[in-house]
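Reader: Can you walk me through a structure? I would like to look at a few side chains.

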Amino acid sequence: MWLTVGIQELGLPWPNQPWYRFVVEPIATTLRPEDKAQDITSDLCIPIFPNTSHPTGREPVKPEPEGLFPYNNCYHWYDAEMVDVRVRARPEEFDETHAVALSVDKRMDMETAWEQEFSRIVQNHSTRHAEV
């Protein structure tokens, strides 16, 4: 089983279709592996509450409803590879009453953090190549 965040449905939700297609972002249970060639460091992640562990003390993102995210060791990684998935439709439809999600505001806060990290990566990359 994968733990993912649903990002975008790839089609219109027509009634009676057998499958729904989504692009999802995998959730990690570790810090981001370093990739020195790409200037990726292990702190390029955001903890998901109740996880509060981060090398630089970065605040965790808090899914809603608060307190229902069931794992205490998960992270969103910077530049995580998105995955296309298909979900089989259910005749009784989907029960979203126990779904845990990020609000639009929290998702936008994450995007802002990623933009800042991207700027840092570009600066580090430029500095490293200027020294060569």
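Author: What follows covers one aspartate, some ring pairs and some charges over rings. This is a predicted model, where local features need pLDDT of at least 70, side-chain atom pairs count only at pLDDT 80 or more, and totals for chains, interfaces and linings use all residues. Residues are numbered from 1 along each chain as its sequence is written, and side-chain values use heavy atoms, leaving out hydrogens and water.

Reader: OK, where is D43?

Author: D43 is in the loop between β2 (19-26) and β3 (45-47); strands are DSSP runs of E, at least two residues, and helices runs of H or I, at least four, numbered from the N terminus.

Reader: Is D43 buried or exposed?

Author: D43 is buried, at 12% relative accessibility. Buried means under 20% relative accessible area, exposed over 50%, partly exposed in between (1.4 Å probe, protein chains only).

Reader: And which residues is D43 in contact with, beyond four places in sequence?

Author: H54, P55, T56, R58 and R120, where contact means heavy atoms within 4.5 Å.

Reader: New topic. How many aromatic pairs are there?

Author: The whole structure has 2. Rings of Phe, Tyr and Trp (its six-membered ring) pair if their centres lie within 6.5 Å; planes under 30 degrees apart are stacked, over 60 edge-to-face, the rest tilted. F69 and Y71 are edge-to-face, with centres 6.0 Å apart and planes at 75 degrees.

Reader: Are F69 and Y71 buried or exposed?

Author: F69 is buried at 15% relative accessible area, while Y71 is partly exposed at 35%.

Reader: Why is the pair of Y78 and W114 called edge-to-face?

Author: Because their planes are at 65 degrees, with the ring centres 5.6 Å apart. Both Y78 and W114 are buried.
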